[in-house]
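Me: Can you walk me through this one? I'd like to get a feel for how the pieces fit together.

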Amino acid sequence: MKDIEQQISELMAKMTLDQKAGQITQPEREFITPADVKKYHIGSILSGGGSVPGDNKPDDWIKMNDEYWAASMEEDEDHLAIPIIYGVDAIHGNTNVIGSVVFPHNIGLGAAHDPDLIERIAAVTAKEITATGVDWTFAPTLAVARNSHWGRTYESYSENPKIVTEYAPRFVKGLQGDFQEDKVIACVKHWVGDGATLHGIDQGDMCISEEELRKLHVPPYKAAIDAGVLTVMVSLSSWFGEKCHGHKFLITDLLKKELGFDGFVVSDWDGIDYLNDDYEEAVVMSMNAGMDMFMVTEKWREFIGHIKTSVENGRIPMERLDDAVRRILRVKYKFGMFTKPRPAQRKMSLQNSCFGCLEHREVAREAVQKSLVMLKNDNDILPLDKNSRILVAGKNAHNRGHQCGGFTVAWQGVNDNETVASSSYSDKDTVSERDTDIEASYDTSNSKIVGGTSIWESIQKVAPNAVLCIDGRDADPGKQDVAIVVIGEVPYAEMLGDIRVEGLAKGLKISKGSTSRDTLPGEDIPIMKKGPYGTHLYLHQLHPEDIETIRRITSKGIPVVTVMICGRPLVVTQELDASQAFVVAWFPGSEGQGVADVIFGDMDIQGKLSFSWPRYDDENLNVGDENYDPLFHYGYGLEYKK
Ligand code: GLC
């Protein structure tokens with residue numbers, strides 16, 4: 001058997017410049033057909049968040065992948081059979097697809113402090129990805145998030161690199177295994193220091209020393225590389241104003257040479273666009289910095305043209321292009337792509353009954369149980385008695401979309417009831433208008449999250465005397481002994497979830513969106529945000545309906561147990577003070593049952609904070625800082641009295 005490098009050399013000896021240029025190109029599915037795949041010799045395709053085929057069921061995905069794969073393998077005098085690889089953001093389950101198991105987002109998994117569980121989650125995720133004919137996921141995120149204003153904090157396991165470094169190899173192993181048929185290619189991201197930007201501005205500027213970079217943000221990647229991760233995605237952020245997408249030291253010298261990474265490096269979403277207003281120059285900069293595959297979602301034809309021109313005129317050395325192609329082919333050979341059957345004939349496609357199955361959901365339920373963190377439990381009110389007369393309230397009590405967070409069915413996540421978008425809260429002038437809006441719309445029969453349970457549904461299953469009243473108006477001490485109020489954030493993703501401190505971030509280069517540009521001193525950075533998110537971490541102002549609901553109930557003399565859905569620590573002093581107990585559930589995903597298991601004591605509460613919890617908005621403390629004195633320290637979490 002020829003070794004892989006020999007097979008690659010023999011194949012590359014046959015490849016034309018066109019075929020090499022196509023192999024390093026990754027368009028988004030909406031902008032490419034199977035015929036294009038063959039004509040332009042495309043090496044990979046992706047689905048952006050929420051970009052789904054047909055009715056978005058596993059068979060629709062298998063059909064789509066099979067068509068793309070078949071086109072890539074249709075060899076003739078102009079085209080060499082090199083199998084395409086398809087990539088998705090399966091970052092907490094294969095959650096683009098309707099009916100998948102939705103795991104807690106990473107911030108909750110960090111609170112679980114369970115590396116074995118992480119590997120099992122990754123293995124289930126890989127099964128649910130291969131059940132749809134897909135080969136590659138852009139996960140795990142290895143961000144060490146250092147500022148909770150960042151809209152992607154929930155994609156980070158911890159502010160502490162120790163946890164992220166412990167989890168990285170386990171998640172990679174769970175996804176990739178030994179490249180069996182129920183395994184996928186992993187992609188650690190975003191290289192490097194995406195969670196370290198000034199003020200937590202997404203795709204912003206990381207202004208830290210190389211020493212701090214190496215101490216806090218590189219170790220998780222080294223652990224993943226030592227575990228054999230096959231791909232790395234570069235960050236859209238910058239380091240002292242230089243974009244990572246064009247950073248030769250970071251990509252070539254540090255990642256490839258010093259850390260010995262021999263897989264391939266992929267750009268993030270049109271990330272090279274922001275290197276230079278001249279697109280050809282941007283292409284040359286990124287290629288020569290060491291980028292191997294280019295996520296060029298729409299203008300991939302133009303990209304291919306610039307690659308060919310720049311190689312022909314010597315601005316890109318042929319050796320660099322060959323190195324990129326070799327790395328991509330190495331991953332495809334290592335992963336067995338050349339010998340796998342076509343997607344429609346693969347075992348995991350033919351037997352995809354495991355997709356969303358109960359066995360997989362039990363792993364997610366365990367993850368929810370272990371991720372919950374109790375910040376307060378006055379008079380040991382928790383765990384509750386299942387036979388208590390319970391009022392369940394709060395906008396997040398019965399909304400599977402909200403409890404799943406971003407990157408779920410849609411890029412920005414879903415609301416089970418479209419009429420109640422997060423921005424409606426701030427649009428409404430009075431509580432009654434808001435609550436009526438909420439009350440009227442909570443029919444989750446049209447839920448886009450198929451499978452699993454909302455937190456209300458999970459309570460209803462075990463507590464015969466529980467009733468639901470979202471706004472708490474039915475609170476009556478003659479009828480209820482205690483209330484569970486589920487509050488917090490609504491789904492968001494990437495920069496749309498950023499909380500930008502007013503007036504900051506002037507003069508910074510922004511990225512993503514239409515074009516990159518400098519913001520002039522004094523000019524506000526155009527804050528792309530969603531709903532109420534804006535300029536601080538104060539929940540009582542981001543979502544006033546929450547404290548209003550809690551107080552509406554406590555004013556009737558009914559004690560409140562608050563459960564908060566969120567993607568990051570928030571300033572919740574008022575909500576804490578008004579609650580007798582307070583549990584953080586993060587974005588728990590589809591298996592709300594895990595919350596009920598703990599609230600009623602079927603499972604102990606064991607989660608410990610993997611992020612420091614602030615007492616005011618810009619108290620941005622991380623474990624290890626001088627004068628470290630947050631409201632709740634890293635590792636905090638109450639347990640039930642034995
Ligand atoms: C996004 C994200 C990245 C994701 C990619 C593909 O911009 O930054 O995490 O993998 O695009 O959806």
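**Chatting through the model**

Reply: Let's start with one residue: E619 is buried, with a relative accessible area of 8%. Keep in mind that this is a predicted model.

Me: Which residue does E619 form a salt bridge with?
Reply: With R615, and the closest N and O atoms are 3.3 Å apart. R615 counts as partly exposed, at 33% relative accessibility.

Me: What's the idea behind that kind of pairing?
Reply: Side chains of opposite charge can pair when their charged atoms come close.

Me: How many salt bridges are there?
Reply: The count comes to 50. Some share partners: K256, D292, R320, D323 and R327 are joined into one network that way.

Me: And R389, what does it pair with?
Reply: R389 forms a salt bridge with D481, with 2.8 Å between the closest N and O atoms. This pair links distant parts of the chain, 92 residues apart: R389 sits in the loop between β12 and β13, and D481 in the loop between β14 and β15.

Me: Are R389 and D481 buried or exposed?
Reply: In between. R389 is partly exposed at 29% relative accessible area, and D481 is partly exposed at 37%.

Me: What about R152 and E155, buried or exposed?
Reply: Both R152 and E155 are buried. Their side chains meet in a salt bridge, 2.6 Å from N to O.

Me: New topic: sheets. What order do the strands take in the one with 6 strands?
Reply: It's an open sheet that goes β12-β19-β18-β15-β13-β14, with mixed pairing. The edge strands, β12 (373–377) and β14 (466–468), each pair on one side only. Neighbouring strands are turned by 20 degrees against each other on average, ignoring direction.

Me: How do β13 and β14 run?
Reply: They run parallel, and 3 bridges join β13 (residues 390–393) to β14. V392 in that region stands opposite L468 in β14.

Me: Which strands does helix α21 lie across?
Reply: α21 (residues 544–554) lies across β13, β15 and β18, running at about 170 degrees to β15.

Me: What's the order in the sheet with 3 strands?
Reply: That one is β5-β7-β10, an open sheet with parallel pairing. β5 and β10 stand at the edges with a single partner strand each, so one side of each has no neighbour in the sheet. The twist averages 30 degrees from one strand to the next.

Me: Which residue is the bridge partner of C187?
Reply: T231, in β7. β5 and β7 pair in the parallel sense over 3 bridges, and helix α10 lies across β5, β7 and β10.

Me: How many disulfides does the structure hold?
Reply: It holds 0. Take C207: its sulfur is 11 Å from the closest cysteine sulfur, in C244, so that is too far for a bond.

Me: Is C469 buried or exposed?
Reply: C469 is buried, at 4% relative accessibility, while C207 is partly exposed at 34%.

Me: Last one: which residues of helix α11 are buried?
Reply: Y279, A282, V283, V284, S286, M287 and A289. Their cover includes α10, β11, α12 and α13. D278 caps the N-terminal end of α11, with a side-chain oxygen 3.0 Å from the backbone nitrogen of E280. After the helix comes G290, whose phi is positive, near 120 degrees.

Note on methods: Residues numbered from 1 in each chain as written. Predicted model: local features only at pLDDT ≥ 70, side-chain atom pairs only at ≥ 80, totals over all residues. Heavy atoms only, no water. Pairing = 2+ DSSP bridges. Helix = DSSP H or I, 4+ residues; strand = E, 2+ residues; numbered from the N terminus. Axes fitted to C-alpha atoms, helices over the stretch in contact; angles between N-to-C directions. Contact = heavy atoms within 4.5 Å. Buried < 20%, exposed > 50% of the residue type's maximum accessible area, 1.4 Å probe, protein only. Polar contact = N/O pair within 3.5 Å; in protein donor to acceptor, adjacent residues only side chain to side chain. Disulfide = S-S within 2.5 Å. Salt bridge = Lys/Arg side-chain N within 4 Å of Asp/Glu carboxyl O.
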